Amino acid sequence: MSATISPLAPKKYPRMPDIEGVRMATAEAGIKYRGRTDVLVMAFEEGTEVAGVFTRSKCPSAPVDFCRANLPGGKARLLVVNSGNANAFTGKKGRESTAQTGKAGAEAAGCAANEVFLASTGVIGEPLDAGRFSHLLAGMVRDARPGLWQEAASAIMTTDTYPKVATATARLGDTEVTINGIAKGAGMIAPDMATMLSFVATDAPIAAPVLQALLSGGVGKTFNAITVDSDTSTSDTLLMFATGAAEKRGAPRVDSLMDPRLSGFKRALGKLLKSLALQVVRDGEGARKQVEITVTGAKSSRSAKRVALSIANSPLVKTAVAGEDANWGRVVMAVGKAGEPADRDSLSIWFGDNRLAHKGERDPDYSEEATSAYMKRDEIRIVADLGIGSGKATVWTCDLTKAYVEINGDYRS
């Protein structure tokens with residue numbers, strides 16, 4: 001965790017309600033960090049359903065492989081997360097470490113090994129000694145209690161400067177259900193499914209296949225629409241757990257994605273995932289500004305998203321934002337290099353409400369003074385209209401400052 005909290009950190013945190021059927025505990029194992037928690041356990045009541053999405057990286061971590069193997073069972077009793085070591089690119093030792101942790105977790109929770117889920121974050125390539133924390137799991141499960149969402153979010157941080165939490169409610173039938181979530185991530189963020197790590201829990205009685213469809217559909221305009229530095233993590237893991245406890249209060253069990261009663265829940269889940277994703281962007285390593293990039297007038301929404309990510313991932317665009325320089329020429333460059341259909345002479349660009357370029361040249365009414373004043377804000381909105389279709393997409397990123405280089409120049413030391 002950085003000593004300096006991001007200036008974009010939340011001014012206040014939501015009150016996180018308990019989720020019936022979920023208990024948590026954290027511990028200090030000293031995996032990399034000293035004087036802070038670095039292990040999280042979430043214990044779930046029997047019958048809890050699970051869904052997950054993971055990195056599409058061709059070099060996934062050992063915990064990602066472990067979770068993928070267990071996910072088809074659809075049930076979860078325990079989640080174990082450690083920070084400080086990603087257990088990625090660790091070969092046979094990595095597999096042995098996940099097996100040891102899974103076995104210790106199953107014994108601690110009194111469940112089958114395929115009902116345990118693991119996640120690790122931190123340095124890549126260093127073997128993870130599961131013995132540093134596997135002996136703690138039994139006591140952690142025994143002492144776990146509800147309500148520790150803030151502590152849970154803190155235990156999974158690496159270069160994050162603040163814990164990331166969100167909560168939402170929805171009606172399922174005539175019963176109110178709750179969704180809580182936590183996330184971590186600040187660097188190596190260009191998700192290809194989710195963020196580095198995120199865990200969501202609900203008391204709604206939703207079957208695992210339906211939960212999976214909701215989660216897979218929910219990441220497209222949230223976690224898969226953010227980027228800090230264009231680098232996709234080996235460890236991206238988003239898991240969602242449904243305890244079903246609200247069924248005792250009258251919530252109907254949902255076994256079909258077509259169930260009309262799901263509409264409110266789906267909206268609430270999307271809102272929660274977006275909140276967590278934007279918190280990751282706002283904690284981007286060294287970030288001082290949040291940047292929203294919308295591309296309109298593209299051939300398709302997929303094409304629009306690719307152009308938007310080309311702009312968002314451009315170091316030249318991001319450093320211009322950091323320097324509060326309305327250098328729209330760099331946006332033109334990023335549109336042009338995206339490899340998507342575009343027409344130079346149809347392109348228009350806005351920074352906020354200031355139109356800088358129109359129909360392939362500088363806008364005749366462009367005001368340097370007004371745009372420069374706008375660039376001093378901590379939330380910047382860039383719009384590029386390609387003028388050739390109806391495709392539209394929005395992505396979010398942050399600026400690129402000297403602090404990003406400083407953080408990543410000595411990350412392992």
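1. Let's start with Asp-325 and its contacts. Leaving aside residues up to four places away in sequence, Asp-325 touches Ala-320 and Met-375. Bear in mind that we are looking at a predicted model. Asp-325 sits in the loop that runs between helix H8 (315-322) and helix H9 (328-337). Is Asp-325 buried, exposed or partly exposed? Its relative accessibility is 37%, so Asp-325 counts as partly exposed. If you want a distance to check, the C-alpha atoms of Asp-325 and Val-281 are 20 Å apart, and 44 residues separate the two in sequence.

2. Asp-325 turns up again in the lining of a cavity. The second largest cavity holds about 40 Å³ of space. Its lining consists of Val-317, Ala-320, Val-321, Asp-325, Asn-327, Arg-330, Val-331, Phe-351 and Ile-382. H8 and H9 are the elements that give two or more residues to this lining, and H8 has the largest share, with three residues. By type, the lining of the second largest cavity divides into six nonpolar, one polar and two charged residues. Ala-320 is therefore worth a look on screen, as a contact of Asp-325 and as a lining residue of this cavity.3. The count of cavities of 30 Å³ or more comes to two. The largest cavity has a volume of about 70 Å³. Of its 13 lining residues, Asn-82, Thr-101, Leu-118, Ser-120 and Phe-133 are the closest to the centre. Strand E4 (78-85), helix H2 (91-109) and strand E5 each give two or more residues to the lining of the largest cavity. Which types of residue make up the lining of the largest cavity? Seven are nonpolar, six are polar and none is charged.

4. Next come the open pockets. About 730 Å³ of space lies in the largest pocket. It is lined by 28 residues, and Gly-220, Lys-221, Asn-224, Ala-225 and Lys-305 are the closest to its centre. Two or more lining residues come from each of strand E3 (49-54), helix H6 (263-282), helix H7 (301-312) and strand E15 (391-398). Which element gives the most to this lining? That is H7, with five residues. The lining of the largest pocket divides into 11 nonpolar, eight polar and nine charged residues.

5. The second largest pocket has a volume of about 260 Å³. Among its 22 lining residues, Gly-122, Gly-187, Met-188, Met-196 and Tyr-411 lie nearest the centre. Strand E5 (116-123) and helix H11 (402-409) each supply at least two residues of this lining. E5 is also one of the elements that give two or more residues to the lining of the largest cavity. By type, the lining of the second largest pocket has seven nonpolar, 10 polar and five charged residues.

6. Now for the nonpolar packing. The largest nonpolar core has 74 residues, and those with the most contacts inside it are Ile-206, Leu-238, Phe-265, Val-295, Ile-311 and Phe-351. H6 provides the largest share of this core, 10 residues. Another core, of 30 residues, lies apart from it and includes Val-22, Leu-71, Leu-79 and Trp-149. Phe-351 links two of our topics, as a residue of the largest core and of the lining of the second largest cavity.

7. Ile-311 is a good residue to select if you would like to see the packing in the largest core. Not counting residues up to four places away in sequence, Ile-311 touches Ile-293, Val-295, Val-317, Val-331, Ala-334, Val-335 and Ala-384. Of these contacts, Val-317 and Val-331 are also found in the lining of the second largest cavity.

8. Strand E8 (residues 197-202) deserves its own point. Why is E8 described as largely enclosed by the rest of the structure? Six of its six residues are buried, so the description fits. Buried here means under 20% relative accessible area. In a regular strand, side chains alternate between the two faces of the sheet. In E8, Leu-197, Phe-199 and Ala-201 point one way, while Ser-198, Val-200 and Thr-202 point the other way, and all are buried.

9. Finally, the strand partners of E8. Strand E7 (residues 175-184) and E8 run antiparallel and are joined by six bridges. As one example, Ala-183 has Ser-198 in E8 as its bridge partner. E8 also pairs with strand E9 (residues 237-242), in the parallel sense and over six bridges. Here the bridge partner of Val-200 is Met-240 in E9.

Key. Residues numbered from 1 in each chain as written. Predicted model: local features only at pLDDT ≥ 70, side-chain atom pairs only at ≥ 80, totals over all residues. Heavy atoms only, no water. 1 Å grid on protein atoms, 1.4 Å probe; cavity = no way out; pocket = protein on both sides within 12 Å on 5 of 7 lines; lining within 4 Å. Points joined across faces, edges and corners; volume = space filled by probe spheres on them. Helix = DSSP H or I, 4+ residues; strand = E, 2+ residues; numbered from the N terminus. Nonpolar A, V, L, I, M, F, W, Y, C, P; charged D, E, K, R; others polar. Buried < 20%, exposed > 50% of the residue type's maximum accessible area, 1.4 Å probe, protein only. Contact = heavy atoms within 4.5 Å. Core = buried A, V, L, I, M, F, W, Y, C linked by side-chain atoms within 4.5 Å. Pairing = 2+ DSSP bridges.
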